[in-house]
Amino acid sequence: MKSTTRRTLAAVVTGVAAAVGVAAPPAAAAVAIPVPVPLDGAETALGMELPEVAGELPVPSAGAPEGPRYVEGRLLPERTLPQLPVHGGLPGADVRQPLPRVLGDDFDHAVVDAPAAGLRTLAPGLSLDAPLTAPNPDALGLPTAKLPQVGLLAPAVQTVPAAGLGVGPGL
């Protein structure tokens with residue numbers, strides 16, 4: 001097999017692998033570690049029913065930053081310092097509390113359930129431009145002076161938390 005054929009085949013395989021990797025959702029974004037809170041010993045010692053408490057701690061993972069974009073007429077790329085995406089989540093909680101039958105015999109437990117919610121963030125980034133323009137053909141191919149430009153790419157946070165409250169018998 002010729003070296004050009006091998007290079008072309010390697011480029012095609014790399015492109016397909018990159019496209020498949022981008023299309024697949026990140027599996028590690030939804031990972032949360034359950035954290036039980038043991039209150040059985042205190043319940044036995046006090047001789048009363050205590051709430052059941054459990055939590056979830058999400059595991060953050062860093063993503064791949066978008067590379068710099070080159071723009072015509074600029075010497076430096078548009079995103080000199082790219083934004084780093086971090087995927088993780090908000091911690092979750094599950095609390096089951098006994099009630100002293102305040103609402104009647106059918107309502108002796110209350111439940112608050114707030115599952116771990118996904119969280120996507122982008123770290124701040126920086127965009128710079130040099131105080132020189134691209135080579136100018138009117139000035140014998142020399143760059144001309146201009147004002148430098150600095151831009152701050154704002155951080156972003158995106159999440160959708162949820163919670164539920166329930167009252168019932170022996171939840």
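**Strand pairing, a pocket and selected residues in the predicted model**

Gly88 has Leu119 of strand E7 as its bridge partner. This pair belongs to a predicted model, in which local features need pLDDT of at least 70, side-chain atom pairs count only at pLDDT 80 or more, and totals for chains, interfaces and linings use all residues. Residues are numbered from 1 along each chain as its sequence is written, and side-chain values use heavy atoms, with hydrogens and water left out.

The protein chain as a whole gives a helpful frame for the details. It holds 2 helices and 11 strands, where helices (H or I, at least four residues) and strands (E, at least two) are DSSP runs numbered from the N terminus. Along the sequence these elements follow the pattern α-β-α-β-β-β-β-β-β-β-β-β-β. Of the 171 residues in the protein chain, 13% are buried; buried means under 20% relative accessible area, exposed over 50%, and partly exposed in between, with a 1.4 Å probe and protein chains only. The accessible surface of the protein chain is about 12000 Å², and carbon and sulfur atoms account for 67% of this surface. Such areas come from the Shrake-Rupley method with a 1.4 Å probe, and for residues only the protein chains shown count as cover. Among contacts (heavy atoms within 4.5 Å) between residues at least 6 apart in sequence, 65% join residues at least 24 apart.

The Gly88 pair sits within the pairing of strand E4 (residues 85-90) with strand E7 (residues 117-122), which run antiparallel and are joined by 6 bridges. Two strands pair if DSSP finds at least two bridges between them. In this pairing, Gly89 has Gly118 of E7 as its bridge partner. E7 also pairs with E10, in the antiparallel sense and over 4 bridges, and here Leu119 is matched with Thr159 of E10. Leu119 thus appears as a bridge partner of Gly88 and of Thr159. These strands belong to an open sheet of 4 strands with the order E3-E4-E7-E10 and antiparallel pairing. Strand E3 (61-62) and strand E10 (156-159) each have a single partner strand and stand at the edges, so one side of each has no neighbour in the sheet. In a regular strand, side chains alternate between the two faces of the sheet.

Further antiparallel pairing involves strand E6 (residues 109-114). E5 pairs with E6 over 6 bridges, and Val95 has Val112 of E6 as its bridge partner. E6 also pairs with strand E11 (residues 164-168), in the antiparallel sense over 5 bridges, with His109 standing opposite Gly168 in E11.

Strands E8 and E9 offer a pair of contrasting residues. Ser127 is found in strand E8 and counts as buried, at 12% relative accessibility. Leaving aside neighbours within four places in sequence, Ser127 is in contact with Arg74, Glu78, Arg79, Thr80, Gln149, Val150 and Gly151. Val150 lies in strand E9 and, at 66% relative accessibility, counts as exposed. The C-alpha atoms of Val150 and Ser127 are separated by 5.8 Å, with their positions 23 residues apart along the chain. With the same neighbours set aside, Val150 is in contact with Leu126, Ser127 and Leu128.

The loop between E8 and E9 contains Ala134, which is partly exposed with a relative accessible area of 28%. Ala134 and Gly73 are 61 residues apart along the chain, yet their C-alpha atoms are separated by 5.7 Å. Apart from neighbours within four places in sequence, Ala134 is in contact with Gly73, Leu75 and Pro143. Leu140 is also placed in the loop between strand E8 (125-129) and strand E9 (149-153). Leu140 has a positive phi of about 60° although it is not a glycine, and its relative accessibility of 82% counts as exposed.

Attention turns finally to the pocket. The largest pocket has a volume of about 160 Å³. A pocket is an open set of points on a 1 Å grid over the protein atoms alone, where a 1.4 Å probe fits, with protein on both sides within 12 Å along at least five of seven lines; lining residues have an atom within 4 Å of a point. Grid points are joined across faces, edges and corners, and the volume is the space filled by probe spheres set on the points. The lining comprises 13 residues, with Asp40, Glu43, Leu50, Pro51 and Glu52 nearest the centre. Helix H2 (40-46), strand E2 (52-58) and strand E5 (92-98) each give two or more residues to this lining.
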